[in-house]
Amino acid sequence: MEILNKYERKKIDETDDSIFYSQPRFVYHLDSNFRKNLTKVYESEIAQDSIVLDLMSSWDSYLPSKNKYKRIIGHGLNEEELKRNKSFEEYWVQNFNFDQKIPLDEKSIDYCLMVAAWQYLQYPEFLVKEISRILSPKGKFLISFSNRAFWHKSPNIWVNSNEEERITYVRKVLISNGFKEPKIIRKFTNQNFSLVPFMKVDPFYCIIASID
């Protein structure tokens, strides 16, 4: 089922995403407050001794260091960044805006993670369908994001929506592709401002969805 029209999928920069991400960026794109919140969510939601897939990832997966997992698989667009990620036992490079087919077996993944990445998907419904295929019966899909993006690489549906509309959009895609009503976490620190004047703190959104 297609969710978006042609305009909503369109980006300002329609060049191959692989070109934009060809140079590694060994920096954090989200602030420490966001990263701490994400690690806490992972600590409470992801069971140890499970198989974890981190989609559209980079050189850090924000998983709690004290936890032990059966296997962690990575995916992204820059191989140098993925190589630097100490969590991964294996990884692969693939552009999901060209090909949404995930090269993993059915029901082979317990938890699928996507951090600050949904905002770049032009065909999210087709990717979500694949994620529902590879998730185990009790598996979870955890999608987190803030209000940052490389806006020229984000489709119009994301650029032209406010933060609550983005949550509604993600929820709609999930439910339309077999997921149950998701759990939604919103966190704002100091009313979204730090103690330093004029310095904003990243809001934290996490949508957690399961099939069963």
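Helices (H or I, at least four residues) and strands (E, at least two) are DSSP runs, numbered from the N terminus. Glu81 lies in one such run, helix H4, residues 79-84.

The model is predicted, so local features need pLDDT of at least 70 and side-chain atom pairs count only at pLDDT 80 or more, while totals for chains, interfaces and linings use all residues. Residues are numbered from 1 along each chain as its sequence is written, and side-chain values use heavy atoms, with hydrogens and water left out.

## Glu81 and its surroundings

Buried means under 20% relative accessible area, exposed over 50%, and partly exposed in between (1.4 Å probe, protein chains only). A salt bridge is a side-chain nitrogen of Lys or Arg within 4 Å of a carboxyl oxygen of Asp or Glu. For charge, Lys and Arg count as positive and Asp and Glu as negative, whereas His and the chain ends are not counted.

Glu81 is buried but has no salt bridge; Arg25, the nearest side chain of opposite charge, is 5.4 Å away. What, then, makes a polar contact with the side chain of Glu81? The side chain of Ser58 does, at 2.9 Å. A polar contact is a pair of N or O atoms within 3.5 Å; within protein, one must be able to donate a hydrogen and the other to accept it, and residues adjacent in sequence count only if both atoms are side-chain atoms. The backbone nitrogen of Arg25 also lies 2.6 Å from a polar atom of the Glu81 side chain.

Contact means heavy atoms within 4.5 Å. Leaving aside neighbours within four places in sequence, Glu81 is in contact with Gln23, Pro24, Arg25, Phe26, Ser57, Ser58 and Trp59.

## Salt bridges

Side chains of opposite charge can pair when their charged atoms come close. Across the whole structure, a search finds 13 salt bridges. The table lists some of them.

| Pair | Closest N to O | Apart in sequence |
|---|---|---|
| Glu125 and Arg9 | 2.7 Å | 116 residues |
| Glu45 and Lys183 | 2.8 Å | 138 residues |
| Lys101 and Glu130 | 3.7 Å | 29 residues |

The pair of Glu125 and Arg9 links helix H5 (residues 124-134) with helix H1 (residues 6-9). Glu125 counts as buried because its relative accessibility is 1%, and Arg9 counts as buried at 7%.

Glu45 in helix H3 and Lys183 in strand E6 (residues 183-187) also link distant parts of the chain. Here Glu45 is buried at 10% relative accessibility, whereas Lys183 is partly exposed at 44%.

Lys101 sits in the loop between strand E3 (90-93) and strand E4 (109-115), and its partner Glu130 is in helix H5. Lys101 is partly exposed at 49% relative accessibility, whereas Glu130 is buried at 10%. Lys11, Asp13, Asp17 and Lys153 are linked in a network of salt bridges.

## Nonpolar cores and helix H5

In soluble globular proteins, nonpolar side chains tend to be buried together. A nonpolar core is a set of buried Ala, Val, Leu, Ile, Met, Phe, Trp, Tyr and Cys residues joined through side-chain atoms within 4.5 Å.

The largest nonpolar core has 35 residues, of which Trp118, Ile131 and Phe141 touch the most other members. Elements giving two or more residues to this core include strand E1 (51-55), strand E5 (135-145), helix H6 (156-159), helix H7 (163-176) and strand E7 (204-210). H7 gives the most, with 5 residues.

Beyond four places in sequence, Trp118 is in contact with Pro124, Val128, Phe141, Ile143, Trp158, Tyr169, Val170 and Val173. Apart from the largest core lies another core, of 21 residues, among them Leu63, Tyr69, Leu82 and Leu142.

In H5, the buried residues are Pro124, Glu125, Leu127, Val128, Glu130, Ile131 and Ile134. Their cover includes H1, E1, E4, E5 and H7.

## Cysteines

A disulfide is a pair of cysteine sulfur atoms within 2.5 Å, and the structure holds 0 of them. The sulfur of Cys206 is 12 Å from the closest cysteine sulfur, in Cys112, and is therefore too far for a bond. Cys112 is buried at 0% relative accessibility, and Cys206 is buried at 0%.

## His29

His29 is found in the loop between helix H2 (17-20) and helix H3 (32-45). At 33% relative accessibility, His29 is partly exposed. Leaving aside neighbours within four places in sequence, His29 is in contact with Arg148 and Phe150.
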